[in-house]
Amino acid sequence: MSAAAVEHPCDGEPESLLETANWLMEQHPGYRVEIIGGVVTVAPPPDGPHASTLTTLMIPFLAAGLHGEESRILQGIGLWLPGGPEDYAIPDLSIVDADLDEHVIENNCYDPAVFRLVLEVTSSNYNNDLRNKVTAYAEAKIPVYVIVNRKHGRVHVLTDPIADGYDSHQVYAPGQQVTLPASIGAEVTLDVADLLEAGQRRK
């Protein structure tokens, strides 16, 4: 997916960023619209390998029992961000507390306190996942941020959020296994090669 900042011309009173974002979603069904750092970005629907990576990721999470009474594994739900008055993101995949419906804040977005892990699979807008969202998710105190970096063939695991990022940033290459922190609710190990292979286009 590629992402670009968007300006929507309007007459009369200026629209809020949230109104602009919702208008864009109505005009472009299936596109992902987010507000991060006070900037509206729009990304087109993901390609097949992106979706395949998410499916590959869900298998070990499901096998670990993370989609049950205590937690849920969800794709594409809104995360309300503290970085701006109308900021929100839509992570590709999230592990959240099972009672998330009691923690809606605004615009179908949820309190960051219920998120145990967020995960992004990179596309052509990979810099957004590797930079802007690192800061945004850290500010929201998301304890674990995982990036499947298809551009550079790596998996990043960021933990211990601090003011402007994460105190721990581990990078894994094909041939390595990633054991995620137990704080997500179960022991989960990911195979880097499997994830990156799922994210490649078939010749």
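In this predicted model, helix α2 turns a set of residues inward, with Pro49, His50, Thr53, Leu54, Leu57, Met58 and Phe61 buried. An α-helix has 3.6 residues a turn, so residues three or four places apart point the same way. The buried residues of α2 are covered by elements that include β4, β7, β10, β11, β15 (189–191) and α4 (192–198). The helix itself, residues 48–63, has 16 residues and reaches 23 Å from its first C-alpha to its last, close to the 22 Å expected at 1.5 Å a residue. At its N-terminal end α2 is capped by Asp47, of which a side-chain oxygen lies 2.9 Å from the backbone nitrogen of His50, and the helix is followed by Gly65, whose phi is positive, near 80 degrees.

The sheet beneath this description is an open one, in which 6 strands follow the order β4-β7-β10-β11-β12-β13 with mixed pairing. Because β4 (71–75) and β13 (165–172) stand at the edges with a single partner strand each, one side of each is left without a neighbour in the sheet. From one strand to the next, the twist averages 15 degrees.

Two helices can be placed against these strands. Helix α2 lies across β4, β7, β10 (115–121) and β11 (144–149), and runs at about 150 degrees to β10. Helix α3 (residues 126–139) also packs on the sheet, where it touches β10, β11, β12 (154–162) and β13, and its direction makes about 170 degrees with that of β11.

Within the sheet, β4 is joined to β7 (residues 93–97) by 5 bridges, the two strands running antiparallel; here Ser71 has Asp97 as its bridge partner, and Ile73 has Ile95. Strand β7 is mostly covered, with 4 of its 5 residues buried, and 4 bridges join β7 to β10, again in an antiparallel arrangement, with Leu93 opposite Leu119. Further along, β12 and β13 form a hairpin with 2 residues between them, and these antiparallel strands are joined by 7 bridges, Val155 standing opposite Tyr172.

Charged side chains add further links, for the structure holds 9 salt bridges. One of them reaches across the β7–β10 pairing: Arg116 forms a salt bridge with Asp97, the closest N and O atoms being 2.8 Å apart, and it connects strand β10 to strand β7 over 19 residues of the chain. Arg116 counts as buried at 17% relative accessibility, whereas Asp97 is partly exposed at 22%.

Another salt bridge pairs Arg32 with Asp92, with the closest N and O atoms 3.0 Å apart. The pair links distant parts of the chain, Arg32 in strand β2 (residues 32–36) and Asp92 in the loop between β6 (88–89) and β7, 60 residues apart. Arg32 is buried, because its relative accessible area is 10% and the cut-off for burial is under 20%; Asp92, at 7%, counts as buried too. Both residues belong to a network of salt bridges that links Arg32, Glu34, Asp92, Glu120, Asp129 and Lys133.

The capping residue of α2 returns in a third pair, since Asp47 forms a salt bridge with Arg201 in which the closest N and O atoms are 3.2 Å apart. Asp47 lies in the loop between β3 (39–43) and α2, while Arg201 lies in the segment after α4, 154 residues apart. Here Asp47 is partly exposed, with a relative accessible area of 22%, and Arg201 counts as exposed at 59%.

Conventions
Residues numbered from 1 in each chain as written. Predicted model: local features only at pLDDT ≥ 70, side-chain atom pairs only at ≥ 80, totals over all residues. Heavy atoms only, no water. Pairing = 2+ DSSP bridges. Axes fitted to C-alpha atoms, helices over the stretch in contact; angles between N-to-C directions. Contact = heavy atoms within 4.5 Å. Expected span 1.5 Å × (residues − 1). Buried < 20%, exposed > 50% of the residue type's maximum accessible area, 1.4 Å probe, protein only. Polar contact = N/O pair within 3.5 Å; in protein donor to acceptor, adjacent residues only side chain to side chain. Salt bridge = Lys/Arg side-chain N within 4 Å of Asp/Glu carboxyl O.
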